[in-house]
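Visitor: I should like to learn how the features of a model such as this one are read. May we go through them one at a time?

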Amino acid sequence: MITFDLDRAPLRELNQSLHDVAGEGDRRWRIVNPRGRHNIAVGMTQALDVEVAGHTGYYCGGMNQNAAITICGHAGQGVAENIVSGRVRVKGNASQSAAASGRGGLVVIEGDAGARCGISMKGVDIVVGGSVDHMSAFLAQAGTLVVCGDAGPDLGDSIYEAVIFVGGQVGSLGADCIEKEMTAAHRGKLEALLAQAGIGADTSAFRRFGSARRLYNFHVDHAGEY
Amino acid sequence: MSTDPRLKRESASFHRNVIAEIQRAASEGIYEIRGFGAKRHLPSFDDLVFLGASMSRYPLEGYRERCATDVVLGSRFARKPVELKIPITIAGMSFGSLSANAKRALGLGATKMGTSTTTGDGGMTEEERDASAVLVYQVLPSRYGMNPDDLRRADAIEVVIGQGAKPGGGGMLLGQKITDRVAAMRTLPTGIDQRSACRHPDWTGPDDLEIKIEELREITDWMKPIYVKIGATRPRFDVALAVKAGADVIVLDGMQGGTGATQDVFIEHVGIPTLPALREAVEALQELDMHRKVQLIVSGGIRSGADVAKALALGADAVSIGTAALIALNCNGPLYEDDYKALGVEAGLCHHCHTGRCPVGIATQDTELEQRLDPEAAALRLRNYLSTMVLEAQTLARACGKSHLLHLEPEDLVALTIEAAAMAGVPLAGTRWIPGRS
């Protein structure tokens, strides 16, 4: 395992080193003393295991491809934004816009997530062990958001084809987001995602939400629904 | 009752266009959405003239003495700045709004002249990457098609905050243009009306933008210049904040800038013209001692070499063209007249980019219409047009005694109207008066 101390070397050197890992290089990295720094381990392309020992600032794991990143602390705004593949796990809580516009891969937040979790998501799977705040899955296009706790107001506002599972209470649903039937197939998908995320939860209380598809094409009669 | 036609008087407030629009609104119950840009008269570069050489200024020989045109963009932080042979770039326009052939034509034409083209909402197509020697990749609020691999294979990155046709508004692409390919690139269902977000999903404000720019630099190992594009509203503040956030290049788009689809009320009533926006932006850079260190690209209503020269004289490092480039490809060309008629217009008046029924195959996803645009021939027309603009700008610069287009300066200009003098910050012709200053 390679240990990189952000108290001893700058962020630029860390990210360049991670980008430059060749095929035969050490696959396990541990980053110590992150101290809330922004942009840690962004733009990863290699299938590395990266552990961040502490809290991170904005965009940790941003645009990740292939790497498995674990944040042993809380994560700042936009953790794993636009993730393409691989995994990002937050052992604490995540600030707003977690996994924003994520295109693929898996993001696991063991604690709570702030507002707009999964905003504009485009295929990523997100599992939140706790609760999410308002406007989560806003404009969500594809992928799955699992919330084991509660969801704040305006969940799934202007949602497209993404799917939301919520185990707790929902503050309110946003424009064009509706509750949908929870079939055995959906429950199976939920259980598989929870297992993949390593989050234990009783799935019997979960409900499923998605798009009513009423607002896909603009019609003046629907103007008041926004 | 008199039948004297001289007694007929049209209302200035309720003229025929206004009456027609009120009755259209009463019939349809919704605002008009259209393409193109502002159609109202605005103070513009036409209201400025060059003074040319005289007893106190020496001109350069028109056909013998060199007038250079090259420009470097992104020299502030990027390890690999963009080097262009001419200071005229092609503005961001999306595949989806434009056909693949049109995107390819823009790339080929720009490359022939040694300049750049730009992606748009929806991501990068193979056609435009292959055709464009220098390609700027836009990062937009929607993040449609946003891909780190494309980020790395771009030559520069442009964070789009707004555009001149609709500062404060998001992208719009109506369902008739959301084909299977466009839908797949944007991860949307085929045929829906795409209305993009107007704010970025993971940052708000200049402090966040600074971190976002750092992220883009880290992902691309600080190789690529980072542009920040703003719609012209409060350029003095926006430019200063973009500099503070770490931009290498600022793209300033005035309200004459075009669009593929936007509400008419937005196009005509939001933002400020390119002329005053440019002056405010230059002053903001000068106040920060960043003029020429952070490069300024100005767009919105640039049509000729005269416009280019005037923009550079007022302090821009380069200009960007969108609508004019499409017109060079044949937008609004007098071809396929029956198809213009079917849209209720004629060549020269068409703004039906939003319908996807572009008669000349530019703003369409229809496979038959798209074939009407031969990308190789269209690229040649764009090259000819760009070449003409450069020759015109060089002609004016030499007349002012300048051996490089970037040596043009405000002192070379005067204004023909009080409004233009005030907005551009140059004297009214025949006076030393700059309204608001002297």
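Visitor: In which hand does helix 7 of chain B pass helix 9 of chain B?

Guide: Please bear in mind that this is a predicted model. A crossing is called right-handed if the near helix is turned clockwise from the far one by less than a right angle. Here the crossing of helix 7 of chain B with helix 9 of chain B is right-handed.

Visitor: At what angle do helix 7 and helix 9 of chain B pack, and how far apart are their axes?

Guide: The angle is about 40 degrees, and the axes lie 8 Å apart. Helix 7 of chain B is therefore oblique to helix 9 of chain B.

Visitor: Which residues make the contact between these two helices?

Guide: Helix 7 of chain B contributes B:P235, B:R236, B:V239 and B:A240. From helix 9 of chain B come B:A277, B:E280, B:A281, B:E283, B:A284 and B:L285.

Visitor: Let us turn to helix 6 of chain B. How does its span relate to the expected value?

Guide: The expected span rests on a rise of 1.5 Å a residue. Helix 6 of chain B, residues 205-219, has 15 residues and reaches 21 Å from its first C-alpha to its last, close to the expected 21 Å. Just after this helix, B:D221 takes a positive phi of about 55 degrees.

Visitor: Which residues of helix 6 of chain B are buried, and what covers them?

Guide: A residue counts as buried if 20 or more other C-beta atoms lie within 10 Å of its own. In helix 6 of chain B the buried residues include B:L209, B:I211, B:I213 and B:L216, but also charged-letter positions such as B:K212, B:E214 and B:R217. Their cover includes helix 1 (11-19) of chain A, as well as helix 4, strand 8, strand 11 and helix 7 of chain B.

Visitor: How many residues does each chain bring to the contact between chains A and B?

Guide: Chain A brings 34 residues and chain B brings 20. On the side of chain A, helix 1 and strand 7 (122-128) each supply at least two residues. The largest share, 3 residues, comes from helix 1 of chain A.

Visitor: What is the make-up of chain A, and why is its radius of gyration said to agree with a compact globule?

Guide: Chain A holds 2 helices and 11 strands, in the order β-α-β-β-β-β-β-β-β-β-β-α-β from the N terminus. Because a compact globule of 226 residues would have a radius of gyration near 17 Å, the 18 Å of chain A agrees. Of these residues, 53% count as buried.

Methods
Residues numbered from 1 in each chain as written. Chains lettered and ligands numbered in written order. Predicted model: local features only at pLDDT ≥ 70, side-chain atom pairs only at ≥ 80, totals over all residues. Helix = DSSP H or I, 4+ residues; strand = E, 2+ residues; numbered from the N terminus. Rg over C-alpha atoms; globule rule 2.2 N^0.38 Å. Buried ≥ 20, exposed ≤ 12 C-beta atoms within 10 Å, placed from the backbone. Expected span 1.5 Å × (residues − 1). Contact = placed C-beta atoms within 7 Å. Axes fitted to C-alpha atoms, helices over the stretch in contact; angles between N-to-C directions. Parallel < 35°, antiparallel > 145°, perpendicular 65-115°, else oblique.
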